[in-house]
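The following paragraphs lead the reader through one protein structure, from a single contact to the overall fold and back to the surface. Please keep the sequence and the model in view while reading.

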Amino acid sequence: MQPVNIEDLRQLAKQRLPRVLFDFIDGDSYDEVTLHANRADLNRIRFRPKVLVDVSSRSLETTVFGQKLSLPLILAPVGSAGIFGRRGEEAAARAAQRCGTTLCLSTASICSIEDVAAQRTTPFMFQLYMSRDRNHAQELVERAQAAGCFALALTVDTAVGGQREKDVRNGYVVPPRLEPRNVLDALVHLRWLLDVPLGPPVTFGNFPGGKSSRSFLPVARRMLRTQDTTLNWKDVDWLQIGRAHV
């Protein structure tokens with residue numbers, strides 16, 4: 001199928017990925033009420049057409065934090081994108097650059113900040129999960145600065161994570177709950193199997209020791225343990241006026 005819109009791409013992803021992964025990237029927390037409400041809000045947006053206006057010269061260009069983009073679209077930070085496709089964050093970086101726009105790289109990316117920077121000749125953004133380990137947060141910000149990131153996106157709504165019920169049912173938890181149906185489902189998705197599990201090691205490139213495939217689960221556990229439930233405006237001040245700023 002030749003994809004012509006986002007829903008086509010969604011259906012292709014559904015065919016290509018094991019259910020456990022598709023449900024993770026396509027789903028939301030609890031009964032997904034907020035997800036459905038957000039989609040309904042977007043569906044209510046309408047364009048107001050103007051006729052008998054010279055449209056021979058058209059442009060979607062815009063500027064974000066001083067960076068000129070070919071269209072008002074930035075690829076959002078997706079944690080563990082490299083699980084859905086080989087070196088997923090690097091692929092996203094190349095695709096965004098070809099389209100003249102940029103991306104925001106997740107703290108929980110499979111590819112490191114430096115790996116993604118090597119795929120681009122233009123700057124990108126970095127998304128920060130603030131953990132209780134402020135030294136690690138400091139290190140991430142400094143690495144983003146060194147890689148030429150032009151903005152820092154601080155995530156503030158995950159101090160307490162919502163339960164993703166589809167993931168619990170599918171066993172996509174830390175540690176993963178392997179069940180015969182999940183293993184069989186993964187085995188029948190041959191393209192994904194060859195691309196990711198049988199490809200380069202899947203790691204968390206932005207965490208200490210994360211370069212080893214053996215560290216994947218320990219790092220995932222560490223991310224959950226160090227989630228900072230005390231995050232407040234003082235931490236924003238620390239990012240703004242301390243050494244940790246972009």
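Which side chain meets that of glutamate 179 in a salt bridge? In this predicted model, the partner is arginine 177, with a distance of 2.8 Å from N to O. Arginine 177 counts as partly exposed, because its relative accessibility is 35%, and partly exposed residues lie between the limits of 20% and 50%.

Leucine 178 also belongs to this part of the chain. It is placed in the loop between α7 (165–170) and α8 (180–188). With a relative accessible area of 71%, leucine 178 is exposed, because the cut-off for that class is over 50%. Leu178 also contributes to a nonpolar surface patch, together with Val183, Leu184, Leu187 and Val188. The accessible area of these residues together is about 520 Å².

The chain as a whole may now be considered. Its secondary structure consists of eleven helices and six strands. The radius of gyration is 20 Å, close to the 18 Å that the globule rule gives for 246 residues, so the chain is as compact as a globular protein of that length. The C-alpha trace spans about 60 × 50 × 35 Å along its principal axes. Buried residues make up 33% of the 246 in the protein chain.

Strand β4 (residues 102–105) shows how such burial appears in a single element. Both of its faces are covered: Thr102 and Cys104 are buried on one side, and Leu103 and Leu105 are buried on the other. Strand β4 runs parallel to strand β3 (residues 74–75), and two bridges join them. Within this pairing, leucine 103 of β4 is the bridge partner of leucine 75. Strand β5 (residues 125–128) is likewise parallel to β4 and joined to it by two bridges. Here cysteine 104 has methionine 125 of β5 as its bridge partner. The path from β3 to β4 involves helix α4 (residues 88–98), and these three elements make a right-handed β-α-β unit.

Charged contacts form a further theme. Side chains of opposite charge can pair when their charged atoms come close. The structure holds 19 salt bridges. One of them joins arginine 87 to aspartate 115, with the closest N and O atoms 3.0 Å apart. Arginine 87 lies in the loop between β3 and α4, whereas aspartate 115 lies in helix α5 (residues 113–117), so the pair ties together parts that are 28 residues apart in sequence. Arginine 87 is partly exposed, at a relative accessible area of 25%, and aspartate 115 also counts as partly exposed, at 22%.

Another salt bridge is formed by aspartate 26 and arginine 39, whose closest N and O atoms are 3.9 Å apart. This pair links distant parts of the chain, as aspartate 26 is in helix α2 (residues 19–26) and arginine 39 is in helix α3 (residues 33–43), 13 residues apart. Are these partners buried or exposed? Aspartate 26 counts as buried because its relative accessibility is 16%, which is under the 20% limit. Arginine 39 has a relative accessibility of 38% and therefore counts as partly exposed. Both residues belong to a network of salt bridges that also links Glu7 and Arg10.

Methods:
Residues numbered from 1 in each chain as written. Predicted model: local features only at pLDDT ≥ 70, side-chain atom pairs only at ≥ 80, totals over all residues. Heavy atoms only, no water. Patch = residues over 30% accessible without salt bridge, like charges linked within 9 Å, V, L, I, M, F, W, Y side chains within 5 Å. Areas by Shrake-Rupley, 256 points an atom, 1.4 Å probe, with all protein chains shown as cover. Salt bridge = Lys/Arg side-chain N within 4 Å of Asp/Glu carboxyl O. Helix = DSSP H or I, 4+ residues; strand = E, 2+ residues; numbered from the N terminus. Buried < 20%, exposed > 50% of the residue type's maximum accessible area, 1.4 Å probe, protein only. Pairing = 2+ DSSP bridges. Right-handed = clockwise from strand over helix to strand, strands pointing away. Rg over C-alpha atoms; globule rule 2.2 N^0.38 Å.
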